[in-house]
Amino acid sequence: KVYVQILCCDLALWGTLWGWVYLLGSPSDGGLAWLWALGILRWAFLHMASIASSGGMVVRRWVATQCLLWPIFRSSQVMLQPGALSYPIPGPAGVALITVSGIAACLFWELTFPEAQTADSVKEKKKQEAKALFLRVVRYSRPDILHLGTAFLFLSLAVICETFIPYATGKVIDILGSQYEQSKFLSAIGLMSILSLGSAVCSGVRGGMFMCSLARLNRRMRHMLFRNLVQQEIGFFEETKPGDLASRLESDTNLMGMSVAMNVNVLLRSTVKTAGMLVLMVGISWQLTLLTCVEMPLLAALQNCYNTFYQALSQQLQDCKAQAKELAGSAVGQVRTVRGCGAESAEIRRYEETLSEMHRIQSSKGIASAIHLLLRRMVTIAVKVGMLFYGRQLIMLNHLTNGGLLAFVLYQKDMVTNMKSLVYVFGTMLNSVGAAAKVFKYLDRKPLQEEAGSLEPAHLEGRVEFRDVTFSYPSQPDKPALKGVSLTLRPGKVTALVGPSGGGKSSCISLLERFYESQQGEVLLDGRPLHQYQHSYLHRKVSIVSQNPVLFSGSVSDNIRYGLKDCSMERVVVAAVKAHAHDFICKLEDGYDTDVGECGGQLSVGQKQCIAIARALVRDPRVLILDEATSCMDAGTLQMQELLSGTASQTVLVVAHHLQTVQNADHIVFLEGGVVVEQGTDKELMARRGRYRRLKEKLFDEQASGDS
Ligand SMILES: Nc1ncnc2c1ncn2[C@@H]1O[C@H](COP(=O)(O)OP(=O)(O)OP(=O)(O)O)[C@@H](O)[C@H]1O
């Protein structure tokens, strides 16, 4: 259907042309340039038609062949018999011939290389994805439009200046070659200098502007990415390696920015320059330009063949290396079995075979690379020699000057470099949008946790209820850490969670801190599910002091008021006094302004715990969670008692392995295997002679034997 549509469009185009020529009496022979212009116009039109009708690469190739076959055929005739031909617009018979030849050429190609079609559709899909990603990066660059606009303006100016330099050089040579005139020579040299200076200045401004917009884009992307990352649920950080996140933030955002600033820079520069040079080259000699145009497709075809071969060899080499690594690893790792079976020589032979195969592939790679280089050089030299021979003929026929030929040679060299960078830039664009894809993956990620609500009641009692809570960690969905846990934390009361390691104490705390969401049941604060509370409000009202508190580099006071927007120094000091941190802080070199070093490395674990307690108390929380909070202090148990005595109106949840620290708690919950085994006061649990009593006695025995 698409082919018929395109054919109809083509016939309509020919019909319009014939109508124009025969009805309006326009000349039907406009020369070779006219044939080319016609071919390119038809190509552009039919190419757009093929895109509109969702035609694939095969259709586009056919369209290009169909449109350019005739001008190419006529141009080759001209090269062989210059000036002996006329160039009339083909009639219906000519068009039928062109169509049949175009279809035959395409059929020949597609049937000879059938795999090209599937490979093309995969490539096409990849290209479309890359395009979408690239456009997204461009959209993120919108705020830098002023910088980018200025950069593009100076880029165009620089390229225009650069393009005219060989032209001016050719003029200088012509002046030197013909009758020398001082004034003409000076003005030509002056023009050359102005062009060179203009190109240098404009290139500098362009580079600066691109760098500036790149830095701005980088800053914005990193900021957005970091903001989204820190909002992810805790499970995400457990599943994702920190190195991965760091590289997304560092190198990938950078690479992504490059895709806009650098690639668009090169793309535009090369396009503008190539177009400008083509115009000037055609102006000098269209025949030589045509000859030059042969080089690029030849080089591209050569590169394509080489790439396919090289990729296949690289894949084989990778497999071989992996095999060698595995062989060596397993033989060394299982050396006892190898020795026991006397299989050393068999292992050596297997390893040797793999190494030989590796050597063979590496040699093939080297030979392929050498042949590729040789062929490339030969094509380049052949085109250059042909160009010089033909140039010499044109000079003898007075169609070209010496300076013109020199300018042409300079352009030709530049042209190939430019076209190469155009091809290269598409490759790097695909790579850099690969980095963009990784960044967008994290940027678009929505946290797998219900969004926090907006509840911020002025008065909060602090009553916490776990109602039939069942919970498994995302990394172990089939192994519940809590099974149907129900317990209540009352305001003004101290509740202690005790039990053997792995019982589920920390999991309860994680749920209360809303690090995770339970799969069944719910955790309520003053009768409302936790997710209904505003995020920072909840973390102000529910504060935790963990066993291994983390401090951030900065001063002691910064660490105490961490996360609070406005918190006076008085509040910081009051909290530090309550946490028994004030005395040792005052003894530090700069008191509250002392830098705690990276991760609080300047302080002992006990001191860090004190600061973490102050950090929790400064928020004046309604629910205070102490997870082994005083375990590393010299007088941990005593300190815990003092701490608890200052929390009369708060809801306190304590987790402690030293049962002495919790025996005075108002309520004790014994958790084992994620289940509440027993609960009550110390007295009640001791009287029950259950798991609590046995654990307490066991710990007491251990302590007694440790003391003796
Ligand atoms: N991040 C995690 N991912 C997967 N499983 C976890 C994770 N943290 C804990 N678990 C598992 O959940 C269960 C309960 O662990 P939890 O840390 O809540 O026990 P605990 O009573 O606090 O132990 P401890 O006294 O040793 O800190 C254990 O089986 C543990 O292996």
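This is a short walk through a predicted model, from the annotated membrane spans to a sheet and two of the helices beside it.

Begin by selecting residues 7–25, 31–52, 145–165 and 185–217, the stretches that UniProt, in an unreviewed entry, annotates with the feature "transmembrane region". Among them, residues 31–52 are 100% helix and 0% strand, and the C-alpha atoms at the two ends of this span lie 32 Å apart. Move next to residues 185–217, where the chain is again 100% helix and 0% strand, with 48 Å between the end C-alpha atoms.

Now turn to the open sheet, whose 6 strands you can colour in the order β6-β7-β8-β3-β9-β10, and whose pairing is mixed. Select residues 542–545 for β6 and 675–680 for β10: these strands stand at the edges with a single partner strand each, so one side of each has no neighbour in the sheet. Looking across this sheet, you will find neighbouring strands turned against each other by 20° on average, with direction ignored.

Within the sheet, select residues 494–498 (β3) together with residues 651–655 (β8), which run parallel and are joined by 4 bridges. Showing the residues of this pair lets you find Leu497, which stands opposite Val655 in β8.

Add helix α14, residues 505–512, which packs on the sheet and touches β3, β6, β7 (623–627), β8 and β9 (667–672), while its direction makes about 150° with that of β7. Finish with helix α19, residues 605–617, which lies across β6 and β7 and runs at about 175° to β6.

Key: Residues numbered from 1 in each chain as written. Predicted model: local features only at pLDDT ≥ 70, side-chain atom pairs only at ≥ 80, totals over all residues. Heavy atoms only, no water. Pairing = 2+ DSSP bridges. Axes fitted to C-alpha atoms, helices over the stretch in contact; angles between N-to-C directions. Contact = heavy atoms within 4.5 Å. UniProt positions renumbered as here; feature names shortened; annotations may be inferred.
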